[in-house]
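Happy to go through this one with you. Have a look at the model first, and then we can take the reasoning step by step.

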Amino acid sequence: MAWNSPASPALQQYAERAHARLSSGGSSLPALQGPDFPRLRPVVHDSWVRSLGFHRDPAGAGAVSGLNDPELAEARRSHPLVSLMPVFDRLLIQPAKDTGLLVAVGDDAGHLLWVEGDASAKNAAERMAFVPGADWSESCVGTSAPGTALVTGGGVQISGAEHFSPEAHRWSCSAVPIHCPLTGRLLGVVDLTGHDDAVASHSLALLQAAVAAAEAQLHVEALKGAARGRRLAVPVATAAARLRVLGPDAGMLDGMAPRKFLGGRHAEILALLGWSRGGLDAAELAELLFGDAGQQVSVRAEMVRLRKALGPEAPRIGLESRPYRIGPAVTMDARDVLRHLGAGRLREALAAYAGPVLPRSEAPGVIDIRLEVAGALREAMLNDADPDTLLDYLELPEAGADVEGLRTALQVLPARSPRRSVVVARLQRLEVELA
């Protein structure tokens with residue numbers, strides 16, 4: 001095996017020591033950034049830094065069911081990559097059968113839409129939720145080839161202990177993002193997962209060749225559509241944009257190439273429009289943004305600046321006036337939390353909750369959204385969550401002083417659970433501090 005392969009013993013030892021260091025250092029970001037931290041490859045190190053923004057402990061990272069069966073069926077039917085599956089089947093899926101390798105095709109938010117290939121590998125991968133509909137974005141599982149490729153915009157290989165989540169340490173994977181050849185917009189990702197062969201140099205080259213062939217087909221389809229006088233059949237604007245307003249990534253628009261980071265005021269406006277769905281007139285938006293319905297002139301000026309900042313992406317997200325609104329194809333991570341809660345998927349809701357809504361915002365409407373999402377999550381955790389999920393919730397920074405939550409945990413934990421002592425210690429410390 002090549003010395004510089006991600007699966008090489010030396011690089012795997014660095015990654016294993018890095019995991020041990022995080023465990024002994026409290027999974028802290030300063031520990032990861034220390035000068036004597038084991039030498040991870042730069043792409044892995046940078047991804048771990050981002051992953052720690054979503055998960056305090058690698059053991060808490062793991063894929064969740066981001067799409068239920070009806071949502072998955074609709075996503076497959078409407079996604080621009082569906083027309084490319086014959087290409088991927090011919091170049092990747094059929095050759096992968098009986099090799100221990102899997103081919104996964106995901107959308108631009110990290111949801112796996114198709115997982116095909118070796119039958120025994122598919123069965124084994126189910127144990128780490130590497131299945132259609134699962135969310136393999138960095139915000140959910142941390143470092144992995146598909147999630148990290150979507151963030152970096154280039155081909156990525158991740159092997160064994162380089163994965164942030166211990167659940168994935170048995171696996172190696174390579175992934176390449178796919179873009180619309182006409183606009184450069186990110187459409188999704190193609191991944192090869194399995195044993196060490198999945199991160200061989202020829203594996204990445206094979207994926208890149210398959211993606212190039214798929215993008216070429218998209219280009220041909222676009223030209224044929226134009227020749228017939230129709231709007232381009234290649235979904236230049238149908239892949240939904242995703243607005244992130246939770247936690248460290250608050251204020252980011254996914255689905256762009258590259259991803260677009262929004263300034264504070266612009267993120268607030270899109271969050272308010274995304275939450276209202278029905279649209280807001282200038283007075284309503286001014287009230288939610290400034291706490292003063294009379295500041296309609298300021299709202300109009302901010303909307304002009306927002307359109308300029310978005311540039312050609314403004315039509316893509318359906319930004320309109322009279323009333324101000326964004327298109328229904330724009331998804332929002334905060335809504336995912338409430339959707340999971342409404343369906344009783346508490347573990348998925350907790351995984352989707354990357355932190356408070358636009359935590360630095362003081363806009364009255366944003367504060368209301370922040371309180372609504374955080375309050376709904378807390379109520380569900382205290383009333384309906386199993387002990388492990390509740391304890392994971394109580395690890396959130398905002399739940400650090402939740403006395404009622406800790407007392408609830410003591411009520412639901414088994415009498416002989418070793419975790420009771422940790423809860424009791426936290427509760428005693430808080431009671432002393434609050435006395």
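Q: Let's start with a pair of helices: how do the axes of α3 and α8 (residues 145–152) lie to each other?
A: In this predicted model, the two axes come within 11 Å and cross at roughly 90 degrees.

Q: What makes α3 and α8 roughly perpendicular, rather than oblique?
A: Angles of 65 to 115 degrees count as roughly perpendicular. The crossing is roughly 90 degrees, so α3 is roughly perpendicular to α8.

Q: Which residues make that contact?
A: Val43, Ser47 and Arg50 come from α3, while Thr148, Val151 and Thr152 come from α8. Sorted by class, the contact of α3 with α8 has two nonpolar, three polar and one charged residue.

Q: And why is α10 called roughly perpendicular to α12?
A: Helix α10 (residues 264–276) and helix α12 (residues 296–310) have axes that come within 10 Å and cross at roughly 100 degrees. The range for roughly perpendicular is 65 to 115 degrees, and therefore α10 gets that label with respect to α12.

Q: What residues meet there, and of which class are they?
A: On the α10 side you will find Arg265, His266, Ile269, Leu270 and Leu273, and they meet Glu302, Met303, Arg305, Leu306 and Ala309 in α12. The contact of α10 with α12 counts six nonpolar, one polar and three charged residues.

Q: Now to the strands: what is the order in the five-stranded sheet, and which strands stand at its edges?
A: The order is β3-β2-β7-β6-β5, the pairing is antiparallel, and the sheet is open. At the edges stand β3 (112–117) and β5 (156–159).

Q: What makes β3 and β5 edge strands?
A: Each of them has a single partner strand, so one side of each has no neighbour in the sheet. As for the turn between neighbouring strands of this sheet, the average is 20 degrees with direction ignored.

Q: How do you know that β5 and β6 count as paired?
A: Pairing asks for at least two bridges between two strands. β5 and β6 (residues 172–179) have four bridges, in the antiparallel sense. Valine 156 stands opposite alanine 175 in β6.

Q: What sets a pocket apart from a cavity?
A: A pocket is an open set of points, whereas in a cavity the probe fits but cannot get out. Here the largest pocket has a volume of about 790 Å³, and the largest cavity holds about 200 Å³ of space.

Q: Which residues line the largest pocket, and which elements supply them?
A: There are 34 lining residues, and Phe54, His55, Arg56, Asp392 and Leu396 are the closest to the centre of the pocket. Two or more residues each come from α1 (9–24), α3 (42–54), α7 (138–141) and α15 (346–352). The lining of the largest pocket has 16 nonpolar, ten polar and eight charged residues.

Q: How many cavities are there, and what lines the largest of them?
A: The structure has three cavities of 30 Å³ or more. The largest cavity is lined by 19 residues, with Asp135, Ser139, Arg242, Asp336 and Ala352 nearest its centre. α14 gives the largest share of this lining, four residues. By class, the lining of the largest cavity divides into seven nonpolar, five polar and seven charged residues.

Q: What about the second largest cavity?
A: The volume of the second largest cavity is about 60 Å³. Its lining includes Gly62, Trp136, His163 and Glu167, and divides into five nonpolar, five polar and one charged residue.

Key
Residues are numbered from 1 along each chain as its sequence is written. This is a predicted model: local features need pLDDT of at least 70, side-chain atom pairs count only at pLDDT 80 or more; totals for chains, interfaces and linings use all residues. Side-chain values use heavy atoms; hydrogens and water are left out. Axes are lines fitted to C-alpha atoms, for helices over the stretch in contact, and angles run from 0 to 180 degrees between N-to-C directions. Angles under 35 degrees count as roughly parallel, over 145 as roughly antiparallel, 65 to 115 as roughly perpendicular and the rest as oblique. Contact means heavy atoms within 4.5 Å. Ala, Val, Leu, Ile, Met, Phe, Trp, Tyr, Cys and Pro count as nonpolar, Asp, Glu, Lys and Arg as charged, and the others, Gly among them, as polar. On a 1 Å grid over the protein atoms alone, a cavity is a set of points where a 1.4 Å probe fits but cannot get out, and a pocket is an open set with protein on both sides within 12 Å along at least five of seven lines; lining residues have an atom within 4 Å of a point. Grid points are joined across faces, edges and corners, and a volume is the space filled by probe spheres set on the points.
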